[in-house]
Each structure stands twice: as C-alpha cells, then as structure tokens.
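Me: Please bring up the structure, and let us go through its contacts and its aromatic pairs.

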Amino acid sequence: MMQTSGIIICLSYILGLLFTAIPWGGVWILLLGVVGAVFFRRIYANLRQFALKKENAVTKQKTVVNNWAGTPHPRIWLIAGVVGLLATVYFQFRVPQPGIKDISQFADGDNSNLEQLVIVRGLVDSNPRATRSQRGQFWLAATQLDEVKNDKGPAGIPKGVTGRLYVTVPILQSTGLYPGQQIAVTGFLYKPTAASNPGGFDFQKYLRQEGTFAGLIGKQINILDDERPWGWWQIREKIGRSQARLLGVPEGPLVSAMVLGSKAVDLPYDIRDLFVRTGLAPALAASGFQTSLILGVVLQLTRRTNKATQITLGGLSLIVFLFLVGFEPAVLRAEIMGFAALLGLALEKNVKQLGSLLIAATLLLLFNPLWIWNLGFQLSFLATLGLIVTASPITQRLDWLPPAIASLISVPLAATIWTLPRLLDFACVIIVYSVPLNILTTPFISVISIGGMISGLVSLISPDLGGTLASFLYYPTHWLIQMVEFFDHLPGSQIPVGSISIWQMLTIYLLIILVWLVRWWQKRWWFAGLIAVGLVIFPVWHSANNLVRITLLDTKNEPVLVIQDRGNITVINGGNEGTGRFTILPFLRQQGINQINWAIASKFPGYTNDAWLEIMQSLPIKNLYEYTPKLADNIGTQLLQKELQKQQGIYQNLAVGQSINNPTITAQLINDQVPILKLQIFNQNWLLVGNIKSQQIAELIKSGDLSSPQVLWCPSESLQDLVLALKPQIAIAPANNLDSKVLSSLSKGQTKLFLTGKDGAIQWTPNGNFQTFIQTTENKSSVL
C-alpha cells in the first residue's frame with residue numbers, strides 16, 4: 001500500500017506542476033483529490049463489508065483482503081490533492097523575478113533605439129560560442145554598471161548590480177575568454193522581447209528560463225583579471241582540441257558533442273541543424289545513452305572485483321561524467337537512474353525502471369519545478385518511458401526477425417511514439433525518415449561514442465595520443481554525416497502539419513496510455529493509431545481547404561505578407577536571410593504549409609535573394625515573380641533561377657508597371673525609385689510604400705499613381721504625411737517609437753493605426769477584423 005501511495009503522491013506533484021498551465025490549476029487538482037477520496041471511500045467500505053460477510057470462506061477472504069490492502073486509503077487521495085495544490089504554489093514561488101539591483105532594471109524597455117553606451121563589469125559565466133550571425137556569445141554575471149558619456153568615459157558613479165546578462169560581441173573580442181574571468185564590456189543594454197510573430201522564437205521566455213532578464217550588445221571587451229582558475233571547462237576544452245586536431249571540422253566537434261553533449265561543444269550550426277532536421281538531435285545530447293554506456297563499461301571491466309569496488313567506481317564515473325557535461329535535466333535524469341541501478345546491485349534486487357524514472361522526475365522537479373516546461377526534460381522522460389513500457393511489446397511483435405534487428409527497430413520506434421506528439425506541438429513537422437535513419441545510424445553512433453570516450457580519457461593524459469586514437473573515428477563520423485545528409489535531401493523528408501493544440505496532444509497521449517495499460521486497446525493498437533493520425537491530419541486538411549487570412553509579419557525593413565486562400569499560399573517579399581529563416585519559415589511551419597504557390601519579390605530597401613534561397617531549402621516555390629529588372633543578371637538572381645529549376649518552379653522577371661494576376665491577388669509595382677506596390681486582396685486595396693518624402697507624395701497623388709487605399713503600410717518616417725494625404729482605413733508602420741505628437745495627431749483622424757514593433761504581426765480574416773498577435777497572445781496568457 002505504501003508503494004501505491006507513493007506513486008499516487010509523486011504523480012500528483014508532477015500533475016500539479018502541469019496544471020500551472022490552466023486557470024486555477026491547483027484548485028482543480030485539489031478537487032480531483034477530494035473526488036478520488038470520496039469515490040475510494042465507498043470502494044473501501046464495500047470491500048471491508050464484503051470481507052466481513054465472507055469471514056468463513058478463507059480463500060475468498062484472503063483474496064479480498066489482499067485486494068483491499070492494495071487499494072490506497074481514501075486519505076491518500078486527499079493528501080495527493082493537497083500536494084498538487086502545493087506544487088502549483090511552489091512553482092509560482094520558484095519563477096525567477098528580477099531583484100531590485102538586477103541589471104535589467106537599468107535597461108531601457110524600448111529597444112528600438114539603442115543609444116546609451118554602458119560599461120558592465122562582471123565574471124564570465126560560460127565558454128564563448130559563435131552565434132548564427134558569427135558573433136561571439138557568452139553569459140556574464142554582472143557586478144557593476146557604468147554609463148558612458150560621448151565615448152569618453154563614465155558619466156557618473158558606478159552602480160553595484162546583480163544578475164546575469166546574455167552578451168554578444170564581435171567574434172574576435174570573445175576569443176580566449178573563459179569562465180571565471182573578470183572583464184568589462186562596453187556596449188548597449190537592452191531588454192529581450194517576446195515573440196512578435198506566430199511560430200517565432202520567444203527570446204524573452206528563453207532568457208527567463210535561464211534566470212536572465214537583459215542582454216548586452218557589446219562593442220569592446222577589456223580584460224580586468226587574466227588569472228585562469230581551474231574548472232571543468234578546461235577538461236572539456238582539452239578533450240575537444242585533442243579530438244579536433246586530426247579529425248578536423250566538422251568531424252572533430254561532432255565526436256566531442258556525442259561524448260560531452262552539444263551544449264558543451266561549439267558545434268557548427270549546419271551540423272546541428274542537419275541532425276535536428278533528421279530527428280537525430282538526441283545523439284548530440286549527452287544523457288541516457290552515454291550514461292548507460294559508461295556504467296556498462298565500468299561494471300564490465302570490474303566484474304571480477306568485489307561488489308563494493310564495482311559500486312564505487314561506477315558511482316565515481318557517473319559523478320565525473322555529470323560535472324564534465326553539465327547539470328542539464330536530461331543528464332541528471334540519466335544519472336539518477338544510473339545510481340538507482342547501482343543501488344539495486346548493492347541490495348541484490350532488480351530495480352524497477354518505471355519506479356526509478358518516476359523517482360528521478362519527482363526529485364528533479366523538487367529541485368527545480370520550472371523544468372516541467374523544459375523541452376529537453378520532457379523529451380528525455382518521454383523517450384525513456386517509451387523505452388521502458390513500449391520497446392519490449394514492439395520487440396515481441398517483431399519476433400519473426402533476428403533479436404538484434406528487432407531491438408534496433410523497437411528502440412527508436414518506441415521513443416518516437418512517445419515523443420512525437422510533443423514534438424508536433426513544438427516543431428510542427430513530422431520527420432518521415434527518423435525511425436529508419438535511427439536504425440541505420442545506431443551502430444555508427446555507438447562506435448563513435450565509445451571511441452570518443454576512450455580517446456577523450458587518453459587525451460587527458462596525452463593529448464597527442466588521444467588525438468591519434470580519435471583519428472580512427474574519421475571515417476565512421478564522415479560516413480555518418482553523409483548518411484544523414486542523404487536522408488535530409490530525400491523528397492518529403494519533412495511534412496509540415498502545423499502546431500497541434502494542447503487538446504489534440506493530450507488526446508493522442510491518452511490513446512498511447514490506453515494501448516499501454518488496457519488489454520482491449522492493446523489488441524487494437526492499429527485503431528488507436530488511426531485515430532491519432534486523424535487527429536493530426538484532419539485539422540490540417542480542414543484548415544487548408546477553408547482558411548482565408550492575410551498575415552502581415554513583424555519585420556524591420558520590408559513588408560512581408562502571407563496570404564492563405566483555401567490552400568493557395570502567396571508570400572509577398574522575403575527580406576534578408578534572417579527574415580526568411582527566423583520569421584517566414586517558422587510561421588509557415590506553424591500553419592502546416594508545405595509549399596508556396598506564388599511568391600512576389602518587390603524592390604524594397606534591404607532586398608536580397610537570400611530569404612527566398614533560405615525558404616526553398618525547406619519548401620518548394622511554384623511561381624516566383626521578381627520586380628528587380630536592374631538586378632536580373634546578378635549572382636543572387638542566377639542562384640534563385642537554378643534553385644527554382646531544380647524544384648520545377650517558374651521564374652518571371654517583371655518590369656515596373658507589369659501586373660501579376662492570380663486567383664488570390666492582383667499586384668503591380670508602380671514605382672522603381674521609391675518602391676510602391678499596389679495590391680488587390682480579397683476585394684481590399686493594399687498599398688505598400690517604401691521610404692518617400694513629402695514632395696514625392698504630393699507629386700504621386702497629383703499624377704494619379706497614388707489613390708486612397710483601405711490598408712496602408714509605410715515606414716514610420718512617412719506615416720504622418722501619407723495618412724494625412726491618403727486617409728486610409730488602416731495604417732501600419734514597423735516601428736514602436738513614434739513621437740507622441742505624431743500619435744496624438746493621427747489618433748484624431750478616422751484611420752486606425754497599428755505598429756508591428758509594438759503589436760507584433762497583424763492578421764486579417766473575412767469577418768473584417770484586424771487582430772494583433774501580441775495582444776491576442778497576452779489575452780491567452782492572462783487566462784492561463
């Protein structure tokens with residue numbers, strides 16, 4: 001009974017943390033506990049009465065008493081409800097908040113105009129890494145803040161501060177930095193922003209999870225203390241350098257990442273993205289596989305020694321590995337289960353893996369309840385749960401195959417079944433070849449991991465010898481990369497299905513649990529699978545065939561529109577490479593869009609072909625129209641044409657004044673010097689205007705090239721003049737720092753004003769309403 005009671009209380013604590021996502025979650029779980037207590041009180045009473053009536057039937061009495069003894073007492077359910085309520089309170093108590101002296105208190109909330117230089121002194125809190133934009137990035141524990149006046153020095157008395165900073169600097173400035181080093185960084189302090197586009201990266205949320213509330217765009221670093229205190233980072237660096245010396249890049253960093261985890265190694269982004277796109281991201285996360293490998297090797301090598309030696313050496317190896325790779329949730333989970341296995345060895349008892357997984361989850365969430373919403377934590381436990389409860393039944397159904405092959409298939413398939421619903425909610429795509437690729441790459445990953453560990457240990461004694469041993473891993477690592485690239489380039493390697501709702505995800509997990517626990521569903525697992533597929537596919541199909549919507553994404557320079565018309569997708573303007581990668585593609589994935597029917601590129605400031613090339617790496621474009629006659633022969637346009645030819649798409653270069661007509665929109669670029677794009681979308685007139693002066697506005701209106709639109713987009717500098725001249729119903733500008741006098745003047749008119757820098761993406765639907773993404777998100781968050 002104690003065992004069952006412990007399981008219920010642990011589950012109620014975890015459930016209480018999960019219930020923080022719904023209104024009054026703690027109260028709801030307390031009510032569930034009360035209902036459970038009332039319900040089981042009746043069962044308890046009935047069992048006891050039945051046992052007393054059968055007092056003379058010894059065999060039956062024993063059976064009933066045993067059943068009664070295994071049924072938790074009603075008060076256990078009440079205790080579980082209280083524990084769930086306390087879990088929600090504990091979660092809110094542990095949510096990080098900036099202190100009075102936190103450096104974020106001195107950051108300007110308006111990050112659009114960074115002008116005030118500051119000098120921040122503190123200690124480097126991580127090894128520098130390269131960002132995608134090739135800047136150096138590291139964490140800084142801030143201790144002092146000075147303002148700089150006219151680049152000549154401090155403007156006042158230094159302020160003592162606390163808190164961590166997310167710092168980016170020119171890549172050469174960060175070279176040679178190490179944890180514990182005291183430095184002073186000159187730059188611009190800012191507050192991180194939340195996601196402003198659907199599917200976009202929430203930088204503010206990411207930093208909050210790290211206990212950070214501000215960032216620093218650094219220009220220069222001054223070293224204040226050049227002493228090199230000892231740290232585990234030195235061992236990681238020594239292993240990484242030794243393995244990369246003869247293996248080169250990317251093979252060397254990849255071997256190190258498989259041993260130490262990608263967070264401990266500055267792995268090139270193209271390799272990291274490649275493994276994520278193909279479903280092999282777990283291979284780059286030092287966790288369960290590496291932990292079990294280390295423990296298995298140590299126990300095998302010490303099998304002829306006494307039990308105390310085995311346990312001691314096994315425990316030491318786990319502790320060293322933990323400090324070497326870092327205190328990540330997935331690693332801590334694997335470590336706790338590893339120590340549970342050692343405890344079972346000491347007690348000469350078989351450890352129940354499911355119980356040790358539950359204990360590991362409870363202990364880690366007691367240590368840090370915020371990890372309940374950490375994606376790595378969730379996926380690690382879901383994958384492990386799948387291996388424990390689902391891998392064996394799959395292997396049994398594959399008994400017609402050799403055991404080794406059946407095991408190779410069942411392990412990745414079981415992990416995929418349990419992690420896929422959560423990944424669909426996060427990544428919005430199905431990785432089609434993930435399971436077969438995992439099966440084929442498992443031998444390579446095993447060889448590379450074992451070899452990497454051996455070469456890493458040897459490199460601590462002799463870096464040259466360790467590098468020589470690592471060089472034997474070149475061909476397995478190179479072949480692994482080639483195999484992953486081959487699967488990544490196969491047609492249909494990813495199927496965008498859009499972000500599933502929380503209720504879809506919970507229903508799919510309910511079906512998985514029913515197949516796990518209920519015999520009727522176990523015999524009809526295929527039926528549960530069909531229901532789960534329908535829950536994902538049907539909403540995507542319905543949306544594609546019925547959704548009509550215009551989305552103006554939040555971008556800095558160029559207006560980017562995505563028009564969804566019952567499955568026909570039109571994208572207007574692409575921006576630069578960063579806009580394509582971090583704004584357009586995440587939105588298209590979230591919407592479950594798998595191709596673009598029409599793309600229109602007009603010559604707005606900052607226009608390049610990079611965004612379209614980036615998009616076409618993931619999604620095909622059927623027709624692309626480019627309003628850039630003067631750039632028609634440049635290298636970017638040539639690359640764009642070649643890529644379209646590979647995808648059997650059509651490229652058309654248009655001159656100013658030529659119209660585009662498709663079933664969704666009519667478009668025309670009416671000016672080349674000042675880009676002005678006229679659009680007719682769903683019987684609405686849109687006008688997208690580039691940088692323009694008051695005199696030019698008057699001339700264009702007089703010539704008849706400009707007429708009053710229903711929706712106007714223009715830069716903030718031209719907003720007042722254009723609104724007064726054209727009087728649109730809706731006016732949209734990208735900035736969020738308009739002068740108060742301008743805002744006051746515009747508010748007196750009939751034009752409704754939106755600022756994407758403040759409101760985020762703007763969406764229009766046939767009901768005629770314009771909705772702002774940030775306001776809609778805040779409304780949902782306030783409910784939760």
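Me: Among contacts between residues at least 6 apart in sequence, what share joins residues at least 24 apart?
Reply: This is a predicted model, in which local features need pLDDT of at least 70, side-chain atom pairs count only at pLDDT 80 or more, and totals for chains, interfaces and linings use all residues. Residues are numbered from 1 along each chain as its sequence is written, and side-chain values use heavy atoms, with hydrogens and water left out. Contact means heavy atoms within 4.5 Å, and among contacts in the protein between residues at least 6 apart in sequence, the share that joins residues at least 24 apart is 68%.

Me: How many aromatic pairs does a search of the whole structure find?
Reply: Rings of Phe, Tyr and Trp (its six-membered ring) pair if their centres lie within 6.5 Å, and planes under 30 degrees apart count as stacked, over 60 as edge-to-face and the rest as tilted. Searching the whole structure gives a number of aromatic pairs equal to 22.

Me: Which word describes the pair of Y178 and W233, given their centres and planes?
Reply: The ring centres of Y178 and W233 are 5.4 Å apart. Their planes lie at 10°, so the pair is stacked.

Me: Are Y178 and W233 buried or exposed?
Reply: Buried means under 20% relative accessible area and exposed over 50%, with partly exposed in between (1.4 Å probe, protein chains only). By that rule, both Y178 and W233 are buried.
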